[in-house]
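Open the model in your viewer and switch to a cartoon view. The stops below can be selected one after another.

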There are 2 protein chains.
Amino acid sequence: MHLLPIDPEESHRARMERKKAVVDAAIARADQDKGLLLVLTGNGKGKSSSAFGMVARALGHGLHVGVAQFIKGRSDTGEEAFLSRQAGVVWRVLGEGFTWETQDLTRDTETAQNGWAVARAMLRDASLGLVVLDELTYLLKRGWLDLATVLADLEARPPMQHVVITGRGAPDALCDAADTVSELRDVKHAFRAGVRAQKGVDL
Amino acid sequence: MHLLPIDPEESHRARMERKKAVVDAAIARADQDKGLLLVLTGNGKGKSSSAFGMVARALGHGLHVGVAQFIKGRSDTGEEAFLSRQAGVVWRVLGEGFTWETQDLTRDTETAQNGWAVARAMLRDASLGLVVLDELTYLLKRGWLDLATVLADLEARPPMQHVVITGRGAPDALCDAADTVSELRDVKHAFRAGVRAQKGVDL
């Protein structure tokens, strides 16, 4: 039973004040800095885009960035055209198109191993504040790369270097090693409604 | 019962060939072009980053881009520093920091309405190939903006203009109107382990 009339402005103010107190306390508790390992997985659209958005963020803070693209279906992507020409960006395409195009297991494994050597060099380069390993999970899932080796190289990287790994089906051990994991759930995709990949959002 | 020895190379080749056929058929069916409405929602990290990655993609294809940021907690973000200075980008910050800082319902509603007028102008500008409405869902959830008005303005936009809307708790009617919806599930976040927001990935 309410004995006092409810003032919506006052009730809003009180709710926001409580929320602010909770948020402020959480922010006060989070006081560490470290190089983060982020994993973006799941079947939904937006994993690689998210990694490229972090590249833009990093460039805005003057960080240098390494991008290793392991699987890549086309050569006319906007992210490569725009980001690879920025000062401070090292951009390496390490796959040979979508792998179901090659249909050659030995060749795919070799391509993966050579690609990882390039990624490892980035993970040993303390001048890179952010390293993106785009679509790496696919190589782990297929067994073309040894997960233990990948985890050891990630663990041995410079302490303030951030790493973003994208791709479907990230292995549990990789998620365990990560600081932040988001799973993108595919609620709906325009492709299934007959819309092809659109420049500026899909590529 | 296998009467023939299994050749792993051959089995891999056959599997990849079948996969390629399925993928090729799906690509052949998807033959429409249209301005997409994308919604990135859920509690996981990466929604706004993903939108900013699409800005980078769009710039790589020479599109012009409008970004409206409705809720913004700080002024030192990398995305603003880097993307707002690019040719072809119109960048507008429309909030007054995180809204629980203001604790004033009337003022929050006014800020939201004024912000939407700016967004609406972007949605009427056919020279913009991509419009990002960052954290818009929050204003809808709070009731500061009328959902029907927002949906009508989205519907009336130029047919080839892509729109990306980010934020937690996207309303069902917005997801129904969208072409592509990804829900980011928060599997793990470094913040909960005591790591504060890191430049280059979180801001």
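In which sense do β6(A) and strand β6 of chain B pair, and over how many bridges? This is a predicted model. Select residues 180–188 in chain A and in chain B: the two β6 strands pair in the antiparallel sense, over seven bridges.

Stay on this pairing and pick out A:Asp186. Opposite A:Asp186, in β6(B), stands B:Ser182. If you show side chains here, keep in mind that in a regular strand they alternate between the two faces of the sheet.

Next, keep β6(A) selected and add residues 37–41 of chain A, which form strand β1. β1 and β6 of chain A run parallel and are joined by four bridges. To find one point of contact, select A:Leu40; its bridge partner in β6(A) is A:Ser182. Strand β6 of chain A thus takes part in two pairings, a parallel one with β1 of chain A and an antiparallel one with β6 of chain B.

Now move to A:Glu135. This residue sits in the loop between β4 (128–134) and α5 (136–141) of chain A. Check its backbone: phi is positive, about 70°, although A:Glu135 is not a glycine. Most residues other than glycine have a negative phi. Is A:Glu135 buried, partly exposed or exposed? A:Glu135 is partly exposed, because its relative accessible area is 26%, between the limits of 20% and 50%.

Finish with B:Glu135, in the loop between β4 (128–134) and α5 (136–141) of chain B. B:Glu135 also has a positive phi of about 70° without being a glycine. Its relative accessible area is 25%, so B:Glu135 is partly exposed.

Key. Residues are numbered from 1 along each chain as its sequence is written. Chains are lettered from A and ligands numbered from 1 in the order in which they are written. This is a predicted model: local features need pLDDT of at least 70, side-chain atom pairs count only at pLDDT 80 or more; totals for chains, interfaces and linings use all residues. Side-chain values use heavy atoms; hydrogens and water are left out. Buried means under 20% relative accessible area, exposed over 50%, partly exposed in between (1.4 Å probe, protein chains only). Two strands pair if DSSP finds at least two bridges between them.
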